[in-house]
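User: Please take a close look at chain A and its surroundings. I would like one connected account that I can follow on the model.

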Amino acid sequence: MIQLKVNGAAKQYEGDGEMPLLWFIRDHLQLTGSKFGCGMGLCGACTVHVNGEAVRSCLTPMSAVGGKEVTTIEGLSAHGDHPVQKAWEHVQVPQCGYCQSGQIMQAAALLKQKPKPTDRDIEAAMSGNICRCGTYQRIREAVKIASGQKRTVTA
Amino acid sequence: MSNRIQPASRRDFLTGLFSAGALILGARLVPAEQITAASDVKDATWNPNIWIGINSDGSVLIVTHRAEMGTGIRTTLPMILADELEADWARVRLQQAIGSDKYGSEDTDGSCSIRDFYDTMREAGATARAMLVNAAAAQWNVPLDECGAHNHEVLHKKSGRKLGYGELAAAAAKQPMPHNSTIQLKKPSEFRYIGKGVPSYDLKDMCTGRAVYGFDAHLPDMVYAAIERAPVLGGTLKSFDDAQAKSVKGVQQTVVIESAKPPYGFQALGGIAVIADNTWAASQGRKKLKVEWESGANAIFQTDTYKRDLIQTAQKPQKVVRKAGDVEQGLKGAAKVLEATYYTPLLAHAPMEPPAALAIWRDGKVEAWTATQSPQDVQKTVAQAVGIKPEDVICHVTLLGGAFGRKSKPDYVAEAAILSKKVGKPVKIAWTREEDIRFDFYHSTSAMYFKAGLDASGKPVSWLQRSVFPPIGSTFDGKSEYGDDGEMSMGWIDVPFDVPNFRAENGPAKAHVRIGWLRSVANVYHAFGVQCFIDELAHAAGKDPVEYWLESLGPARKLDFKGQAEKFANYGKPLNEYPYDTARLRRVAEVAAERSGWANKRTAKRAVGFAAHRSFLSYVAAVVEVDIDSGGKVRIPRVDIAVDCGPVINPDRVKAQFEGASVFGTSVALFGEITASDGRIDQGNFNNYPVARLNEAPLETHVHLIANDDALPTGTGEPGVPPMSPAIYNAVFAATGKRFRELPLRKQKLV
Ligand code: FES
Ligand code: FES
């Protein structure tokens with residue numbers, strides 16, 4: 001039996017330890033904010049925090065998360081008001097929105113590590129997250145705003 | 001041109017539309033609030049037409065019948081209605097329409113939602129507003145013209161009396177429906193939201209993980225299916241052994257779905273489905289299946305030899321689709337003759353959310369929840385697949401995690417329905433990325449041959465072009481080998497240059513995979529060929545590419561191609577309402593050049609490329625700046641896109657579409673290529689079918705919207721894509737002196 005915390009609540013899992021965390025979150029807990037995009041660590045749609053670090057839940061087996069604290073997009077903030085979420089809304093980043101849970105979790109982890117990321121930091125941290133709608137320019141801008149390095153939207 | 005507003009009785013409102021909505025069905029059949037946000041519509045007291053209801057508490061409910069795949073259209077059409085209604089957007093809730101003929105076409109495709117429903121939405125809102133004002137005037141017993149609607153209230157100007165929309169709803173319901181001809185639309189100066197815009201209705205949900213997509217559809221007793229399909233299109237099942245698959249914990253059973261037969265249309269492809277308790281068990285079970293396939297006729301498909309054949313076909317005379325003057329005569333008299341052959345590969349859509357559907361078969365009816373662009377096609381396809389009538393299929397439309405044309409082809413919904421009928425439970429299908437890429441309806445591959453003659457001054461006097469590609473029609477009619485009017489009218493017969501001798505031809509090609517439409521369709525390859533070739537001519541003439549382009553465009557005129565082409569489809573719209581106006585094309589070209597600083601951009605390693613193209617009735621020009629980095633790789637620091645799409649309804653979402661098209665076009669130019677060996681698709685995921693990432697996408701895309709309020713509104717979802725790949729290639733030529741004529745650039749080791 002694997003015991004872990006998801007968004008602060010204790011959870012248990014009995015079953016194939018090889019099953020990726022993503023399916024525990026989505027199928028077992030029905031927290032569907034974390035998305036499937038590739039299943040190979042190539043797109044970042046499934047990004048969650050494990051003990052505060054951004055990981056690809058599609059590649060993280062359940063056997064690796066015993067005793068860990070998992071945070072999904074649903075648990076990032078109580079009212080959807082994490083600075084990254086607020087910036088995302090302000091810049092109107094999402095188009096279809098499907099990749100954005102992963103983008104937001106990735107950006108939130110970046111800001112925890114580097115509160116004032118440079119352009120290079122943003123590129124390095126965010127290039128593993130694909131957005132097929134092409135919202136990258138607004139993602140860059142929103143990260144700058146969330147980190148207090150920029151105030152308003154540029155035309 | 002607009003769909004007439006139909007009066008609908010209150011009964012119709014509640015039972016016809018909303019009883020099919022999530023909440024009421026939820027009570028009867030399934031706890032649907034887990035699938036779509038529960039919509040509390042039972043208290044809607046008044047509905048002046050199929051689009052709108054007003055509750056006694058003043059909340060306004062607007063039906064949105066377009067699929068939200070990222071364009072914002074699910075918000076923008078209701079916003080138009082709310083504007084004419086003089087409603088406060090904060091008090092508007094949206095109800096996503098199920099598939100139903102009463103909305104007209106619900107197919108969200110072809111960048112047509114605004115142009116097809118702008119008037120309808122305005123009339124619907126204005127009708128309701130008129131009835132509210134009438135009700136208030138009657139209640140106060142004052143003349144109508146002393147009353148006006150403003151921000152969710154009707155106001156009697158003289159006395160200052162006010163009544164809220166909620167207070168008026170019941171009385172308004174008893175007012176006679178005003179005739180369309182008496183409806184007063186607002187003046188543009190009175191618009192609250194049109195031209196200013198509102199954020200996507202789903203913005204907050206998208207930032208908090210609450211937004212619900214097809215992949216997220218869920219019912220408590222549902223089972224998960226993973227299907228093993230024939231790797232070659234048309235392949236059939238020879239034999240299989242499912243013993244090991246069934247031994248996987250959580251696997252319940254396997255089910256054979258009959259193989260589809262040509263023409264494939266939107267049919268489920270067929271295969272062996274592993275039914276399991278959860279996604280993981282289904283996928284593990286599928287891996288353990290042992291299957292032998294009979295490959296069938298398409299096993300001969302090799303993209304390298306196919307490409308050679310396409311090019312050979314393009315180099316021989318073919319069917320003429322547009323002709324002016326005498327090309328051969330023109331070439332004879334030319335001072336200089338240029339020839340070039342271009343090639344573009346098959347592309348996959350690869351929307352971020354792979355195809356997914358949940359369906360339940362019960363009592364001879366199917367109810368489905370899915371990410372679809374076209375719920376009415378879901379009804380038809382599912383009905384055919386399980387042998388019922390389309391009206392016995394209820395299709396709920398979730399949000400779509402991208403689509404780009406893939407999700408107007410509901411083969412995956414048919415799979416879920418077929419399986420539900422066979423296993424007697426709700427079945428969830430969620431494709432993997434590999435399935436998405438290997439079983440797509442591919443954007444067509446093409447070869448294009450060009451030959452032009454220039455006079456002594458460098459001006460083009462003769463132009464011959466031939467395209468060859470397996471057409472979309474092949475998916476629906478196995479014999480189709482030539483482009484149809486629609487494909488030919490997407491940047492091929494409608495080349496706008498003023499060349500006295502011009503001939504466009506199209507040759508045959510047989511499809512070996514399902515061909516489908518992808519964001520901007522045939523414009524992708526046609527614009528690539530034509531816009532690169534004109535750049536070649538400019539350099540041959542020793543002229544600046546933009547100046548040469550503008551000179552070649554010739555005098556301002558309206559093009560109809562009459563007497564030259566059999567039919568110019570013009571995206572299904574009449575030319576008197578939506579002309580092909582070269583002055584508008586010139587204008588976007590000039591604006592893009594000016595705003596990008598075209599004239600003074602060039603340095604040794606930094607270079608600019610240009611292209612302009614009309615598609616979906618919109619005029620778009622792009623200037624792309626490229627930079628070859630120290631490793632010899634292409635970077636795109638800046639893109640300028642100028643757009644004339646008529647009046648702009650929701651400006652920020654329109655901008656977002658062109659920013660997105662800039663990235664999508666970059667993926668086409670730099671990365672996209674599907675190949676096949678022995679009929680099997682070689683790619684399967686983002687490692688071998690890459691799309692542009694944040695560090696590869698243009699750093700900045702500046703969108704310049706040209707306000708053109710005299711014209712009718714036109715498309716914005718697709719028209720940004722066609723100019724991108726030629727502008728990138730033209731910039732690469734400017735930077736390197738090398739002319740590449742094949743997509744994608746990745747093959748040239750420049751990426
Ligand atoms: S789904 Fe995990 S990285 Fe793509
Ligand atoms: S917003 Fe659609 S994939 Fe990112």
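Analyst: Domain bounds here come from an automatic or database domain assignment. This is a predicted model, in which local features need pLDDT of at least 70 and side-chain atom pairs count only at pLDDT 80 or more, while totals for chains, interfaces and linings use all residues. Residues are numbered from 1 along each chain as its sequence is written, chains are lettered from A and ligands numbered from 1 in the order written, and side-chain values use heavy atoms, with hydrogens and water left out.

For chain A the assignment gives domain 1 (2-76) and domain 2 (83-146). The C-alpha centres of these two domains of chain A lie 20 Å apart. In contact (heavy atoms within 4.5 Å) are 17 residues of domain 1 of chain A and 13 residues of domain 2 of chain A. Together the two domains of chain A bury about 1300 Å², buried area being the accessible area (1.4 Å probe) that two parts lose on being put together, summed over both. Carbon and sulfur atoms give 57% of that area between the domains of chain A. The rule for salt bridges (a side-chain nitrogen of Lys or Arg within 4 Å of a carboxyl oxygen of Asp or Glu) finds 0 between domain 1 and domain 2 of chain A.

Next comes the interface with chain B. There, 50 residues of chain A are in contact with 58 residues of chain B. The area buried between the two chains is about 4700 Å², and carbon and sulfur atoms give 56% of it. On the chain B side, B:Trp280, B:Met352 and B:Leu694 lose the most area to chain A, together 18% of what that side buries. The rule finds 5 salt bridges across the interface of chain A and chain B, against a count of 47 over all chains. A salt bridge joins the side chains of A:Arg26 and B:Asp216, at 2.9 Å from N to O.

A:Arg26 also leads to a cavity, that is, a set of points on a 1 Å grid over the protein atoms alone where a 1.4 Å probe fits but cannot get out; its lining residues have an atom within 4 Å of a point. Grid points are joined across faces, edges and corners, and a volume is the space filled by probe spheres set on them. The structure holds 12 cavities of 30 Å³ or more, and the second largest has a volume of about 90 Å³. This second largest cavity is lined by 14 residues, with A:Arg26, A:Asp27, B:Phe215, B:Tyr224 and B:Lys428 closest to its centre. Helix 1 (21-28) of chain A and strand 18 (427-430) of chain B are the elements that give two or more residues to this lining; helices (H or I, at least four residues) and strands (E, at least two) are DSSP runs, numbered from the N terminus. Helix 1 of chain A gives the most, with 3 residues. By class the lining of the second largest cavity has 6 nonpolar, 4 polar and 4 charged residues, where Ala, Val, Leu, Ile, Met, Phe, Trp, Tyr, Cys and Pro count as nonpolar, Asp, Glu, Lys and Arg as charged, and the others, Gly among them, as polar.

One backbone detail remains in chain A. A:Gln30, in the loop between helix 1 and strand 3 (47-50) of chain A, has phi near 55 degrees, a positive value in a residue other than glycine. Most residues other than glycine have a negative phi.

Conventions
1 Å grid on protein atoms, 1.4 Å probe; cavity = no way out; pocket = protein on both sides within 12 Å on 5 of 7 lines; lining within 4 Å.
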